[in-house]
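This briefing covers the strand pairing, the nonpolar core and the model confidence of the chain shown below. Please read it alongside the sequence and the coordinates.

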Amino acid sequence: MRSERAPRIAAAGAVLSVGLLVAAGVAPAAAAKTIDVTSPASDPLSYRGIPATLKPGKYTFRYTNRTGMSHDLKVGSKKTPLFSAGTRSFTVTLRKGTVKYLCTVPGHAAAGMSGTILVR
Ligand SMILES: [Cu+2]
C-alpha cells in the first residue's frame, strides 16, 4: 500500500507556518502580479501577452478583447465570462508544472487561442 501521509503532513506544516506569519503581523505572500492580455482586431483568434514561462505565484490576468467577437480567457481552473468588447479580469494561483490556457468558444482554441504556460 502506497503511503501519501508524509507529503500531506509537510503541506499542512507549510500552511500552518504561513498562518502563523500572518497572525504575527508579518506581511502575507506578495500581491498578485498583473498580466495584460489582448486579442487585437487585426488577429482576432489570438492572444497577445501571455508569457511562456512564469514563476509560481498569484496572477491577475487582465484580458482586453478588441475583436468584436465573443471570447473568453481560461487559465487553469479560472476564466473570464464570454464578452466581445472591453476588459475582464480574474486572479489565479499558479503552481509548479504546466498550465493550459484557452478560449472556450468551440473552434477558437484550435484556431490559435490556446497554449501552455510553464510554471517553474
Ligand atoms: Cu474565442
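Lysine 33 stands opposite tyrosine 59 in β3. This pair belongs to the register of β1 and β3, which run parallel and are joined by 7 bridges. The model under discussion is a predicted one, and its chain has 2 helices and 8 strands.

**Three-stranded sheet**

- Strands β1, β3 and β6 form an open sheet, in the order β1-β3-β6 and with mixed pairing.
- The edges of this sheet are β1 (33-39) and β6 (86-94), each of which pairs on one side only.
- On average, neighbouring strands of the sheet are turned by 25° against each other, direction ignored.
- Another pair across β1 and β3 sets threonine 38 opposite threonine 64, the latter in β3.
- On the other side of β3, the pairing with β6 is antiparallel and comprises 9 bridges.
- Tyrosine 59 has valine 92 of β6 as a bridge partner, and tyrosine 59 also faces lysine 33.

**Five-stranded sheet**

- A further open sheet holds 5 strands in the order β2-β8-β7-β4-β5, again with mixed pairing.
- Its edge positions are taken by β2 and β5 (78-79); each has a single partner strand, so one side of each has no neighbour in the sheet.
- The pairing of β2 with β8 is parallel and rests on 2 bridges, and leucine 54 stands opposite valine 119 in β8.
- Strand β8 (residues 114-119) is joined to β7 by 6 bridges in the antiparallel sense; here valine 99 is set opposite isoleucine 117 of β8.
- Strand β7 (residues 97-102) also runs antiparallel to strand β4 (residues 74-75), with 2 bridges between them.
- In that pairing, valine 75 lies opposite tyrosine 101 in β7.

**Nonpolar core**

- The largest nonpolar core has 11 residues: Val37, Tyr47, Tyr59, Phe61, Tyr63, Leu73, Val75, Tyr101, Cys103, Met113 and Ile117.
- Strand β3 (residues 57-65) supplies the largest share of this core, with 3 residues.
- In soluble globular proteins, nonpolar side chains tend to be buried together.
- Which residues does valine 75 contact, its neighbours within four places in sequence left aside? They are Phe61, Val92, Val99 and Tyr101.
- Among these contacts of valine 75, Phe61 and Tyr101 are also members of the core.
- Over the chain of 120 residues, buried residues make up 13%.

**Two exposed positions**

- Arginine 48 is located in the loop between β1 and β2 (53-54).
- Is arginine 48 buried or exposed? Arginine 48 counts as exposed because 12 other C-beta atoms lie within 10 Å, and a residue is exposed at 12 or fewer.
- Beyond four places in sequence, arginine 48 makes contact with Val37, Thr38 and Pro40.
- Between the C-alpha atoms of arginine 48 and tyrosine 63 there is a separation of 9.5 Å, the two residues being 15 apart along the chain.
- Glycine 97 has its place in strand β7.
- Glycine 97 is likewise exposed, because it has 11 C-beta neighbours inside 10 Å.
- Although 22 residues separate glycine 97 from valine 119 in sequence, their C-alpha atoms are 5.1 Å apart in space.

**Overall organisation and confidence**

- Along the sequence, the elements follow the pattern α-β-β-β-β-β-β-β-α-β.
- Of the contacts between residues at least 6 apart in sequence, 56% join residues at least 24 apart.
- The mean pLDDT of the chain is 86, and 76% of its residues reach 70 or more.
- Over residues 18-23, pLDDT stays under 50; for this stretch the model has 2 contacts beyond four places in sequence.

Key
Residues are numbered from 1 along each chain as its sequence is written. This is a predicted model: local features need pLDDT of at least 70, side-chain atom pairs count only at pLDDT 80 or more; totals for chains, interfaces and linings use all residues. A nonpolar core is a set of buried Ala, Val, Leu, Ile, Met, Phe, Trp, Tyr and Cys residues joined through C-beta atoms within 7 Å. A residue is buried if 20 or more other C-beta atoms lie within 10 Å of its own, exposed if 12 or fewer, and partly exposed in between; C-beta atoms are placed from the backbone. Helices (H or I, at least four residues) and strands (E, at least two) are DSSP runs, numbered from the N terminus. Two residues are in contact if their C-beta atoms, placed from the backbone, lie within 7 Å. Two strands pair if DSSP finds at least two bridges between them. Axes are lines fitted to C-alpha atoms, for helices over the stretch in contact, and angles run from 0 to 180 degrees between N-to-C directions. pLDDT is the predictor's confidence in each residue, from 0 to 100.
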